[in-house]
Amino acid sequence: MTNKTEVLIIGGGVVGTFIARELSRYKLDITLIEKGTDVCVGTSKSNTALIHAGFNADSNKLKGKLNVRGNELFRTKVQKELEVPIEWIGALVVAQDEAGIPQLEEILENGKRNKVPDLEIVKGERLFELEPNLNKNSVAALYAPTAGIVNPFELTVALANNAVKNGAEVILEAEVTDIEDKGDYKLVKTSKGNIEAKLVINAAGVYADKIAQMVGIKDFKITPRRGEYYLYDKILDIKVNHTIFQLPNKVSKGIVVTPTDEDNLLIGPSAEEIEDKDDLSNTREGLDQVIAGAKKTIPDLTTRGVIKEFAGLRAAIKETGDFLIEASDKVKGFINVAGIQSPGLASSPAIAEMVVGIVKEELPGLEEKDDFDPYEQEIPKFRHMSHKQRMKLIEKDSNYGEIICRCESITKGEILDAIRQPVGARTVNAIKRRVRPGAGRCQGGFCGPKVVEILSEELGIPKTEVKLEKDNSKILVEKTKESLQKEVTDNE
Amino acid sequence: MEDKVMITCVSCPMGCDLNVEVIDEEIKKVEGNRCPRGVEYAKAEYFNPTRVLPTTAKVKGGILPLVPVKTAKPIPKGLLEKAMREIAKVELEAPVKLGDIVIKNVLDTGVDVVATRDLAKK
Amino acid sequence: MNKQSYDLVVVGGGPAGLAAAQEAYDQGVRDILIMERDFELGGILQQCIHNGFGLHFFGEELTGPEYAQRFMEKVAERGIDIKLDTMVLEVTPDKKVYAVNSKEGMLEIDAKAVVMAMGCRERTREAIGIPGSRVAGVFSAGTAQRYINMEGYMPGKKVVILGSGDIGLIMARRMHLEGAEVEAVLELLPFSGGLTRNIVQCLDDFDIPLRLSQTVTRIHGKERLEGVSVAKVDKNLKPIPGSEYYIECDTLLLSVGLIPENELSVAAGIELASVTGGPIVNECRETNINGIFACGNVLHVHDLVDYVTEESKLAGKAAALYLQDKIVKRDKEINIIAGDNIGYIVPHKITEKIEERKRVDLYMRGKRPMENAQILVMDGDKKLFAKKERFVKPAEMISIPLPEKMIEQLEGSTVEVKIVEGGE
């Protein structure tokens, strides 16, 4: 069976879903395909979750322009429309000796060229007022109050849900195997059937080069750069108030120390170029580098209190170090949105805005819909509510009175919501990304069996079919005694 | 016939490693024990090692799909795996009471398999 | 908000909470509520279907569920109130207990006294930082135990177990008997943390190898676990380069330690001891907040449930005395100090005078295995008494009775206990 669509977006990361959502403002057939079992499973899933202010991005590059615009759009529109957790906590770039101050000033100047507002250099006592646990050697910092942190899972899922609400189609577990250029349309072959599309938008993250090669575009290469992280328990006695960067030196860009939107402490990333586009494993070396680096900023940190290690891949075009966002001049109807590494998350609203501009040129005469609904409501968060609000919520639906995840106080109601969304969770990890059971200190030891049970009931599948993430990641292999009984029959 | 084996004594948490020499079905020598209980243990463990087998049995219509069970007394060690397969064949009906007999005289050992908790109906 | 009040609220309906509630009742308290987050009472014992419980307390060998049921029956006979499927969200320093369940919604319970008996949780792969991929098939031993024994599902068929504590050993036998292949039990330390009896009956009986001084250095696989890299470790427990080898498996069970679950305690303002991870308590198991007691694995991780019961009865009795206003402070507080070769001692101090009390038992754990040791109990520099222990194992709790008379005659304000090797 062949599906037809006007615009096909390949990749369900923050960039792909943002483009889908922005295009869904228009009278257009939109299909987004993602090879994973969920949206937000590639680069968007594992990163530092920052909305950079924009001082670091080179003002001569596309990054420099899109970062500041993205930050502004997050502030003025995205946060309100999509009810996504964003905290505008500000960022510090810290110099630990006087020699670093000129470098801070250079970054300040670059930031000014990018039109980052309210940048200043803070010194002395003020610095420690802002950040009491900072290394006592710190002498000065560039302070950027407009920097923020965001929950990338909730953001991406909200974008996908909003796109679907406005008419787009999202197809999961559809891996592109080949693309044929048929002139006025592209025939995109996927593991879930063929799709004919007038316009293909390649937002495939670390695989963007492979996708481009399918239509003969060979002029860029994505070199995955792995970054490893440690995430700490919320109740850690060491707190930081801002996203803290170190001054970049020739060897290293430095390790970031930042709170997350849920107030866990996050440190990382390391940086290591690798070949394998799927290798999200952690290494001893990478993790050691992360903790050693973070200790330079916050000397009291140890690995005590760590609840999670993870790794992500930056989808970098090493040769330019910049985003590549353009309609291909070689292949008509094919738009590359590639090389989206840091500050890609921060820039994502602006990237989508830019891509909409390109689509308008490719498909002239686009009309806006009258009934576009930009709003999404977040799933209720029992953990952040007052007792009174909780009471009302449970009155509405008693499933919100059943705590499934004790570490994070996540209720059954929230988990059901996560499964029943337009782009609903189908795996244990997809539920964790949306509503956090298993994201706490026990890492699912207690709630895991309950989440498996809820998924099995809701999806109407046996527990042995419930997956952690991808296809072969089933959690349970068979019923207890099944093989013993088999042995019995075999023997008889 | 001569046999030499090593048996770890579990009479107490000390866990002495006993070197046991057996000639013609009789224990001739026990070394490595720190107390006389070691000799007794070696004897029992050499000639007739037995274990209580705790496991589960399937239940229909209960609040859980399984009920824990055990052999009411120790059974020969060599029969543990066979007993597991016998128990795997059983499916009880809820409610189950602690002490309910799940299998009478399992594998002709003279020992019953019994439930070790109450399990209510769903 | 659904408001209720009780003289005594017991947070947790496992062995600790059940024994505390029963004892408080027997000491005259009538208005008691047990709050349990699971759908039934009994706590973790319900999934510990193996035998070996109760030898110390009942003088007979029981399985976990049998042990639990005895206490559940005692609580039922006494008509003690129970709320199941109820999660306690907060305990305030003035002993308001906020909780939630789907039937009653939000609950605010005013308590005159509270016993914290929330138990412990397992250390995770993430907490010990094993590198590699994050695949399906890595479980804490207790989670696997719940799947196999209560939910009726096997988490895998070819298993490596890291950690030779009793849970790890028990799970090795359990998975083997249910038809899985257990490739090996690995232990980071040069000695097992489990009982010898379990090594013999769970591993040796089935020829499952126990490999000491080895650990998992990497987890392999893209989606489901495919294997683990294992290495020998040196004296500092660091992997020895070049000693690595690979074991193919679809399941890794972790039995790498238990952590008292004290998030509620911390939020209530209860001070914790860094070694145990549990509250600092006096001999009544009372925390720094008057009228809030703690017992069982939330206080410190026990080796035997029998000791949990003993400790929880102490806490339950003390809660009753507290409610009856029968507790009198001593003039002088006595601090209990863990000296040489002792990991920790509970209680941390002796502060109360209780009529008819004959002795205070000190529960402690040795830091390393020792043979022919002596336990010395010191009043400052003065030796009070010595007790011979033929062997000391960190896995096994030691209890030392401190006679009341001796406590009364103490010269200093500390009692230090230490272990020395050999006699004097």
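**Two interfaces and a few buried spots**

Let's start where chain C meets chain B: together they bury about 2,600 Å², 58% of it on carbon and sulfur atoms. Buried area here is the accessible area, with a 1.4 Å probe, that two parts lose on being put together, summed over both. Before going on, a word on ground rules: this is a predicted model, where local features need pLDDT of at least 70 and side-chain atom pairs count only at pLDDT 80 or more, while totals for chains, interfaces and linings use all residues. Residues are numbered from 1 along each chain as its sequence is written, chains are lettered from A and ligands numbered from 1 in the order in which they are written, and side-chain values use heavy atoms, leaving out hydrogens and water.

Back to the C–B interface. Chain C puts in 33 residues and chain B 28, with contact meaning heavy atoms within 4.5 Å. The rule finds 5 salt bridges across it, each a side-chain nitrogen of Lys or Arg within 4 Å of a carboxyl oxygen of Asp or Glu. B:Arg34 makes a salt bridge with C:Glu371, with 3.2 Å between the closest N and O atoms. On the chain C side, the elements giving two or more residues are α2 (64-77), α4 (141-151), α5 (166-177), α6 (196-203) and β26 (382-392). Helices (H or I, at least four residues) and strands (E, at least two) are DSSP runs, numbered from the N terminus.

Now turn to chain A and chain C, which bury about 4,300 Å² between them, 56% of it on carbon and sulfur atoms. In chain A, A:His387, A:Arg406 and A:Thr480 lose the most area to chain C, together 14% of what that side buries. Here 51 residues of chain A touch 46 residues of chain C. The salt-bridge count is 7, and the side chains of A:Arg441 and C:Glu263 meet in a salt bridge at 3.5 Å, N to O. Several elements of chain A supply at least two residues each to this side, including α9 (387-396) and α12 (448-459). The largest share, 6 residues, comes from β18(A).

There's also strand pairing across these two chains: β23(A) and β11(C) (residues 153-154) run antiparallel over 2 bridges, and A:Lys479 stands opposite C:Tyr153. Pairing requires at least two DSSP bridges between two strands.

Inside chain A, β1 (residues 2-10) and β2 (residues 30-33) pair in the parallel sense over 4 bridges, with A:Ile30 as the bridge partner of A:Val7. Side chains in a regular strand alternate between the two faces of the sheet. In β2(A), both faces are covered: A:Ile30 and A:Leu32 on one side and A:Thr31 and A:Ile33 on the other are all buried, buried meaning under 20% relative accessible area (over 50% is exposed, in between is partly exposed; 1.4 Å probe, protein chains only).

What about A:Arg226, in strand β13 (residues 223-232) of chain A? A:Arg226 counts as buried because its relative accessibility is 4%. A polar atom of the A:Arg226 side chain lies 3.2 Å from the backbone oxygen of A:Ser281. Among the residues that A:Arg226 contacts are A:Glu272, A:Asp279 and A:Leu313.

Finally, C:Ile109 lies in β8 (residues 105-116) of chain C and is buried, at 0% relative accessible area. C:Ile109 and C:Ser5 are 104 residues apart along the chain, yet their C-alpha atoms are separated by 5.1 Å. C:Ile109 touches C:Ser5, and its other contacts include C:Tyr6, C:Leu33 and C:Val97.

Key:
A polar contact is a pair of N or O atoms within 3.5 Å; within protein, one must be able to donate a hydrogen and the other to accept it, and residues adjacent in sequence count only if both atoms are side-chain atoms. Lists of a residue's contacts leave out its neighbours within four places in sequence.
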